[in-house]
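Please open the structure in a viewer and keep the selection tool at hand. The tour proceeds by selections, each followed by a description of what is found there.

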Amino acid sequence: MKAIRQLIRNPFTRGAFFSLCVIAFVGIFSPLLTPYSPTDAKPEDRLLPPGHLHYFGTDELGRDIFSRIIAGTRVSVGIALFAILLSALVGTFIGSFSGFIGRWIDQVIMRSTDVLLAFPTLVLALALSAALGPSIVNAALAIAIVKLPIYTRLARTQALSVSHTLFVKAAKTFGVSSPWIVRRHIVPNLLTPIIVQTSLDIGDAILLIATLGFLGLGAQPPTPEWGAMISTGWNYLLDQWWYPTFTGAAIFIAVIVFNIIGDGIRDLLDPKAGE
Amino acid sequence: MTQRLRARFSAVSVFAVVGALALGMIASGPANAAISKTTLVVGMSADLDYLDPAATMDNAQWKITYPCYQRLVEYNGASTDVVPGLASAWRISRDHLTYTFTIKSGQKFSDGTAVTAKAVQYTFERLLKVAKGPADNFTAIASVRANGLKTVVFVLNQVSPQFLYTLAGNYGGIVNPATASKAVNGDSGQAYLADHTAGSGAYVLTEWKKGQYLKLEQNKFYGGKKPVLETVLFKIVGDASSQRLQLGKGEIDIAEGITSDQYAAVAKEDGNTVINKPSLTVDIMYINSGKGNAALKNTLVRQAISYALDYQGIMAATQAGNATQMNGPIPDGMWGQDPKGFQYTTNVTKAKALLAQAGVTNLSLDLLYSARKSWWASEAQLIQDNLAKAGITVNLKLTEYATARKMIDAGTFDLCLGTWSPDYADPSMFMNFWFDSGNFGLAGNRSFYSNPAVDKLIRSAASITDQKKRTALYIQAQKIVVEEAAYGYLYQMNYRLALRTDVKGFVYNPMIEQIYNLETMYKA
């Protein structure tokens, strides 16, 4: 609660925070908020300009773009959240074991993350989701894997320093098991940097999901995913500007909001960044 | 930090691209004729692959080869009749089994050698030896023999009413026998002819920069009237919006890649015009009754699918209404069509009843399509939506074109989108290709449909020359294949082409669609 109060003290992050609440609301209640079915085609209403019936116009199959963007919020933002949380969870545990146990396990894990980090993010995500087969779940998995080394390294560095503290050494001396130490001593001490990193990564993940969708590797039709909508929509840009424009604006706003929130959380939790 | 910046940067770039394109449209302004009057620039959406007339069956490649080769007979302007080409005259024996052609004198290949009867013999022997798609049109040839320099005799092993017309197709292009020396590993020069031309037509392919353009220049030895256009550039412009902008600026004279919804706006722009003519090209859905989902073997299920489709909606969404719903496999304008043929209308209740009668529940089908046609993505989504309303789940399988073709050939799909255009004005182009159980796969019967009664009707129709009797047999066969819903008979589309108003003399012939009569076109 205190954190939120601090977050809304800055007018910049305050705006972002309220936008985030709106996005969350829209995502959670999207089936109740769509004026039309986001997937039902109505060819007789195709490519209508924005008006009082269709706020953002209609697409090439006569579907309401406003409804599709709302329904797409759950898909795009939800999947991005899922991918990043999965990545953070798995990465934290792999990383903290790696740092705490050390020896050859640490070597194997760290060299593997080096390999993953050597690939450009998008190329790796593309290769993975193409190999897994185009679907939204596979795209999420691909993003989770691509982001994994960041969390693993972060957690490992933190775990290394924590494992040399007196209280961990004491626990070891008393014969406490490794999993218990990791769970009770290490993980709680590295939560802060992980949360900061997570909040900074969500915007990036939304873009990655949209990029994969744009290239046909994410959500499959008729799922209203933002990237896939732009992929079809940009062919209509010259005559039906509303089709790609509103969808692009949705991605733009969502990513900006998450990035500002991420910045705010970092400033809040990172002792080095504080003024 | 850098990562965060990159994320923000990409978000901004989405907007930047949108904005830049919009600005580009505004900035394009009035046209400035950048190209000379003797150069024609055609914008096409994708690069081509192989140009050997004995191997290619794709109209997109034919637009290069057709003006580079000559044929014994040629289509007469926009009509489906043939007139003398390389052959000045021909005689057909009374039993319709021997065709004797006299070669016109003064015709020369692009290397200056004369076109002789030997070259004709070489061309057809080579074509049959290569045995790719084009050879399927010439199965009736028993022998082809040059008799001196000027006379060539074709002997057929069966009566083939369409034989003369197949000679006017792209595969009838006479190839310079000198290319025999280019053969590697006994490929009859296929590798060489894949990216070279060696004909006696008005043009020669002089340059091919992969992924960028193909350049045609005049054949110095061409025996006909010298064309006006000196150079024809086929420029690859992948994106439809760029093609439209380049057309508006006069950077290209013809834009092939304009999408269905853009035509109306393109036609209104200054200096552009759109040709819109009824064609014989049809857009259909293959319903795999042979190798697909077992439920599709049941006629009731196929009928249910045909009743579930929203034909008007599909035509509106994919062709902006520039299409006519089919009533049977043969399009309107082709003889042999059954004018009273049954036409499926959208009736979801009936579709559900038929499915219930067939005892089929929870049917889930894979719909295969590629990005080859710009409208297939919309069409596939509409069909998915239509069939969902009747209780059939459709999984969209967007597949790369080459892979999709292999899958069509092997029959590993349930439903698939396709187009078909006739190469000669004979209903066998539809009936015998689509329904003969000996033609499974890419050869033509892409629904893997098999009905011995239909086989018998269409085979006998293709072996006689009396048009009245043939029509009667084809109509009988049409009634069966429509009743049994062997295909999803969707629509016959209009041919639309966007070009600059100063491009004159283009003649559209539905038999050689996508091909330009470069010999007689000019710019004013």
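**First stop: a sheet in chain B**

Begin by selecting β4(B) and β5(B), which pair in the antiparallel sense over 5 bridges. The model shown is a predicted one. Within this pair, pick Arg91(B); the residue opposite it in β5(B) is Thr100(B). Next, follow the hairpin that β4(B) and β5(B) form: 5 residues lie between the strands, and His96(B) takes a positive phi near 60°.

Keep β5(B), residues 98–103, and add β7(B), residues 151–156. These two strands of chain B run antiparallel and are joined by 5 bridges. Two positions are convenient to inspect here. Thr98(B) stands opposite Val155(B) in β7(B), and Thr100(B) stands opposite Val153(B) in β7(B). Thr100(B) has thus appeared twice, since it also stands opposite Arg91(B).

Now show the side chains of β5(B). Which residues lie on its covered face, and which on its uncovered one? The covered face carries Tyr99(B), Phe101(B) and Ile103(B), while Thr98(B), Thr100(B) and Thr102(B) belong to the uncovered face.

Extend the selection to the whole sheet. It is open and consists of 4 strands in the order β4-β5-β7-β6 of chain B, with antiparallel pairing. β4 (87–92) and β6 (141–147) of chain B are the edge strands; each has a single partner, so one side of each is left without a neighbour in the sheet. On average, neighbouring strands of this sheet are turned by 15° against each other, direction ignored. Add helix α3 of chain B, residues 117–130, which packs on the sheet and touches β5, β6 and β7 of chain B. The direction of α3(B) makes about 155° with that of β6(B).

**Second stop: the partners of β12(B)**

Move along chain B and select β12(B), residues 272–287, together with β17(B), residues 487–500. They pair in the antiparallel sense over 12 bridges. Ile284(B) has Tyr489(B) as its bridge partner in β17(B).

Then add β16(B), residues 415–420, which is also paired with β12(B) in the antiparallel sense, over 6 bridges. Here Tyr286(B) stands opposite Cys416(B).

**Third stop: where the chains touch**

Display both chains and select the residues in contact between them: 31 residues of chain B meet 31 residues of chain A. On the side of chain B, the elements that give two or more residues are α1 (2–28), α6 (240–249), α9 (311–319), α11 (376–389) and β15 (393–398). The largest share, 12 residues, comes from α1(B). Colouring this side of chain B by residue type divides it into 16 nonpolar, 9 polar and 6 charged residues.

**Last stop: chain A**

Select chain A alone. It has 11 helices and 0 strands. The C-alpha trace of this chain spans about 75 × 45 × 30 Å along its principal axes. Of the 275 residues in chain A, 50% are buried. Among contacts in chain A with a separation of 6 or more, 68% are between residues 24 or more positions apart.

Finally, pick Leu200(A), which lies in helix α9 of chain A, residues 178–214. Is Leu200(A) buried or exposed? Leu200(A) counts as buried, because it has 22 C-beta neighbours inside 10 Å, and 20 or more are required. Add Gly262(A), 62 residues away along the chain: its C-alpha atom and that of Leu200(A) are separated by 4.5 Å.

Technical notes: Residues are numbered from 1 along each chain as its sequence is written. Chains are lettered from A and ligands numbered from 1 in the order in which they are written. This is a predicted model: local features need pLDDT of at least 70, side-chain atom pairs count only at pLDDT 80 or more; totals for chains, interfaces and linings use all residues. Two strands pair if DSSP finds at least two bridges between them. Axes are lines fitted to C-alpha atoms, for helices over the stretch in contact, and angles run from 0 to 180 degrees between N-to-C directions. Two residues are in contact if their C-beta atoms, placed from the backbone, lie within 7 Å. A residue is buried if 20 or more other C-beta atoms lie within 10 Å of its own, exposed if 12 or fewer, and partly exposed in between; C-beta atoms are placed from the backbone. Ala, Val, Leu, Ile, Met, Phe, Trp, Tyr, Cys and Pro count as nonpolar, Asp, Glu, Lys and Arg as charged, and the others, Gly among them, as polar.
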